[in-house]
Amino acid sequence: MTRHGKNCTAGAVYTYHEKKKDTAASGYGTQSVRLGKDAIKDFDCCCLSLQPCRDPVVTKDGYLYEKEAILQYILHQKTEIAKKMKAYEKQKQALKSEGQLESKSEERERAEKFKQRENNIVSKPINPFTSEKSKDEGSQKGSSSSTSSDTGASSSSSALPSFWIPSLTPEAKPTLLKKPSKTVLCPMSGCPLKMSDLISVRFTPLDSSLDRVALLTRQDRYVCAVTKDTLGNSVPCAVLRPSGVVVTMECVEKLIQKDMIDPVTGDKLKEKDIIPLQRGGTGFAGSGVDLKAKEARPVMQA
């Protein structure tokens, strides 16, 4: 369809292009945009700084970080947890003191009620010379006082708090803080993260004679430590825990898993020592990475 055909508004059919254009202009409905290459992280970039790593470390889940950036993140999270714990302990002490005051006031009320009940047990002497008229008058007075008290209670219960009188304004109770968790979580996977869990990574450069600046300007920077295949987002990689070298998953499946020996250090490997490296997308749908960004907006319902 040509450009003039897309902008044509004289047609009898409401086309998909017109609907998409009107949805973007109206501000309603969920919008989805396909991510370009600039929005995709390279396999050797830090998940926090999004820059090529100088001193890379990897977690157990395969997320690559710059060592300085992830250590700053862990220290920042620990200080935030300490602040939250301090606020929680302060709230706990305040609630405890309030509970003690309430318990003391309840004890006083119980003592006063007990005294009133003890005083009511002593009966007054009955005068046999009183007439029945006085009894009737007393009963009428009691009934009138009870009705007046009932009406007063009903009026007080029906009275709503006034927002203009300071003494009658409703009070806003402070929100209670929950006890914070002391574990630091990984910013990508959400799993518990410790400094001891970080594994140093050693990339094998394509040309060892180049310095760091010249190496970063090239698109193909690193190769597999065993097969010397070029590494990239389209090549699944893995990190070996004992040596920290990066190899391709093809090398792991065809060579390393046969003997389960680290080809660099010669150490015996276990299944948990082979850490698949999380990589960015390649621009193709089969890369296993979600390449669409969605923005949820209000929806008009009929």
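**View 1. Three strands line up as an open sheet in the order β8-β7-β9.** This is a predicted model, so what you see here was computed. In the sheet, the strands pair in the antiparallel sense. Look at the edges and you'll find β8 (246-248) and β9 (274-276), each of which pairs on one side only. The neighbours don't line up exactly: on average, neighbouring strands of this sheet are turned by 35° against each other, ignoring direction.

**View 2. Here's a close look at how β7 and β8 are joined.** Strand β7 covers residues 237-240, and three bridges tie it to β8. The two strands run antiparallel. Want a pair of residues to find? Val239 stands opposite Val246, which belongs to β8.

**View 3. Another open sheet of three strands has the order β3-β2-β4.** Its pairing is antiparallel. The edge strands are β3 (64-66) and β4 (199-200), and each has a partner on one side only. Zoom in on β2 (residues 56-58) and you'll see two bridges to β4, again in the antiparallel sense. Val57 stands opposite Ser200 in β4.

**View 4. Arg221 and Asp42 meet in a salt bridge.** Their side chains come together at 3.7 Å, counted from N to O. Side chains of opposite charge can pair when their charged atoms come close. Where do Arg221 and Asp42 sit in the chain? Arg221 is in the loop between α5 (212-216) and β6 (222-223), while Asp42 is in the loop between β1 (31-34) and β2. That puts the two 179 residues apart, so this pair links distant parts of the chain. A search of the whole structure turns up five salt bridges.

**View 5. A group of Glu residues makes a negative patch on the surface.** Which residues form this patch? They are Glu98, Glu102, Glu106, Glu107, Glu109 and Glu112. To get your bearings, start from Glu102, which is found in helix α3 (residues 67-121).

Conventions: Residues are numbered from 1 along each chain as its sequence is written. This is a predicted model: local features need pLDDT of at least 70, side-chain atom pairs count only at pLDDT 80 or more; totals for chains, interfaces and linings use all residues. Side-chain values use heavy atoms; hydrogens and water are left out. Patches are made of residues with over 30% relative accessible area and no salt bridge: like charges are joined within 9 Å, nonpolar side chains (Val, Leu, Ile, Met, Phe, Trp, Tyr) within 5 Å. Accessible areas come from the Shrake-Rupley method with a 1.4 Å probe; for residues, only the protein chains shown count as cover. A salt bridge is a side-chain nitrogen of Lys or Arg within 4 Å of a carboxyl oxygen of Asp or Glu. Lys and Arg count as positive and Asp and Glu as negative; His and the chain ends are not counted. The place of a charge is taken as NZ of Lys, CZ of Arg, CG of Asp or CD of Glu. Helices (H or I, at least four residues) and strands (E, at least two) are DSSP runs, numbered from the N terminus. Two strands pair if DSSP finds at least two bridges between them. Axes are lines fitted to C-alpha atoms, for helices over the stretch in contact, and angles run from 0 to 180 degrees between N-to-C directions.
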